[in-house]
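Student: I have a structure to learn and some questions to ask. Can we take them one at a time?

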Amino acid sequence: MVTLERNHDGHTRRVVITKGAVGWEVREERDSRVVRQITYRDWHRVERVMQAFELEQAAYSTNR
């Protein structure tokens, strides 16, 4: 399982990636509420989700 998490102004954004029976389950949470849940069969799509999260984090850190 991989968990990426960002906290900002008392709010939490989290992406949780787990290996499922047919691929990788990607769950996006905002303040403990699931806002998106997708199963990918292709690991490269999971890598894109992780990269987008990291780029967003870097952009936030740069603008602060």
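Student: Is Phe53 buried or exposed?

Tutor: This is a predicted model, so the answer is computed from its atoms. Buried means under 20% relative accessible area. Phe53 lies in helix α1. Its relative accessibility is 6%, so Phe53 counts as buried.

Student: Which residues is Phe53 in contact with, leaving aside its neighbours within four places in sequence?

Tutor: Start with Glu5, which is 48 residues from Phe53 along the chain. The C-alpha atoms of these two are separated by 8.9 Å. The full set of contacts, with those neighbours left out, is Leu4, Glu5, Arg6, Arg13 and Val15.

Student: Phe53 belongs to the largest nonpolar core. Which element gives the most residues to this core?

Tutor: The core has nine residues: Leu4, Val15, Ile17, Val26, Tyr40, Val46, Val49, Met50 and Phe53. Two elements give two or more of them, β2 (11-19) and α1 (43-63). With four residues, the top contributor is α1.

Student: Val46 is in that core too. Leaving aside its neighbours within four places in sequence, what is Val46 in contact with?

Tutor: Contact means heavy atoms within 4.5 Å. Leaving out the neighbours within four places, Val46 has these partners: Ile17, Trp24, Val26 and Tyr40.

Student: What pattern does the protein follow along the sequence?

Tutor: Its secondary structure comes to one helix and four strands. Read along the sequence, the pattern is β-β-β-β-α.

Student: How many bridges join β2 to β3?

Tutor: β3 covers residues 24-30, and the two strands run antiparallel. One facing pair is Thr18 and Glu25, the latter in β3. The hairpin has four residues between the strands, and Gly23 takes a positive phi near 160 degrees there. The number of bridges joining β2 to β3 is seven.

Student: In β4, which residue is the bridge partner of Trp24?

Tutor: β4 is made of residues 33-40 and runs antiparallel to β3, with seven bridges joining them. These strands form a hairpin with two residues between them, and Asp31 in the turn has a positive phi of about 50 degrees. The bridge partner of Trp24 in β4 is Tyr40.

Student: Thr12 lies in strand β2. Which residue's side chain does Thr12 join in a polar contact of 2.7 Å?

Tutor: Look at the surroundings of Thr12, leaving aside neighbours within four places in sequence. Its contacts are Glu5, Arg6, Asn7, Glu29, Arg30 and Asp31. The side chain that makes the 2.7 Å polar contact with that of Thr12 belongs to Asn7.

Student: How many salt bridges does the structure hold?

Tutor: Side chains of opposite charge can pair when their charged atoms come close. Here the cut-off is 4 Å, from a side-chain nitrogen of Lys or Arg to a carboxyl oxygen of Asp or Glu. The structure's count is eight.

Student: Why does the salt bridge of Arg13 and Glu28 tie together separate parts of the sequence?

Tutor: The side chains of Arg13 and Glu28 meet at 3.2 Å, N to O. Arg13 lies in strand β2 and Glu28 in strand β3, so the pair ties together parts whose distance in sequence is 15 residues.

Student: Arg13 also meets Glu56 in a salt bridge. How many residues apart are they?

Tutor: The N to O distance between the side chains is 2.9 Å. Arg13 is in strand β2 and Glu56 is in helix α1, so the pair links distant parts of the chain, and the separation is 43 residues.

Student: Is Glu56 buried or partly exposed?

Tutor: Take Arg13 to begin with: at 12% relative accessibility, Arg13 counts as buried. Glu56 has 33% relative accessibility, so Glu56 counts as partly exposed.

Student: Arg14 and Glu29 meet in a salt bridge as well. Which strands does this pair tie together?

Tutor: The two side chains meet at 2.8 Å, N to O. Arg14 and Glu29 are both buried. The residues are 15 apart in sequence, and the strands tied together are β2 and β3.

Student: Which residues do salt bridges with shared partners join into one network?

Tutor: Arg13 meets Glu28 in one salt bridge. Arg13 meets Glu56 in another. Shared partners of this kind give one network: Arg6, Arg13, Glu28, Arg30, Arg36 and Glu56.

Definitions and conventions
Residues numbered from 1 in each chain as written. Predicted model: local features only at pLDDT ≥ 70, side-chain atom pairs only at ≥ 80, totals over all residues. Heavy atoms only, no water. Core = buried A, V, L, I, M, F, W, Y, C linked by side-chain atoms within 4.5 Å. Buried < 20%, exposed > 50% of the residue type's maximum accessible area, 1.4 Å probe, protein only. Pairing = 2+ DSSP bridges. Polar contact = N/O pair within 3.5 Å; in protein donor to acceptor, adjacent residues only side chain to side chain.
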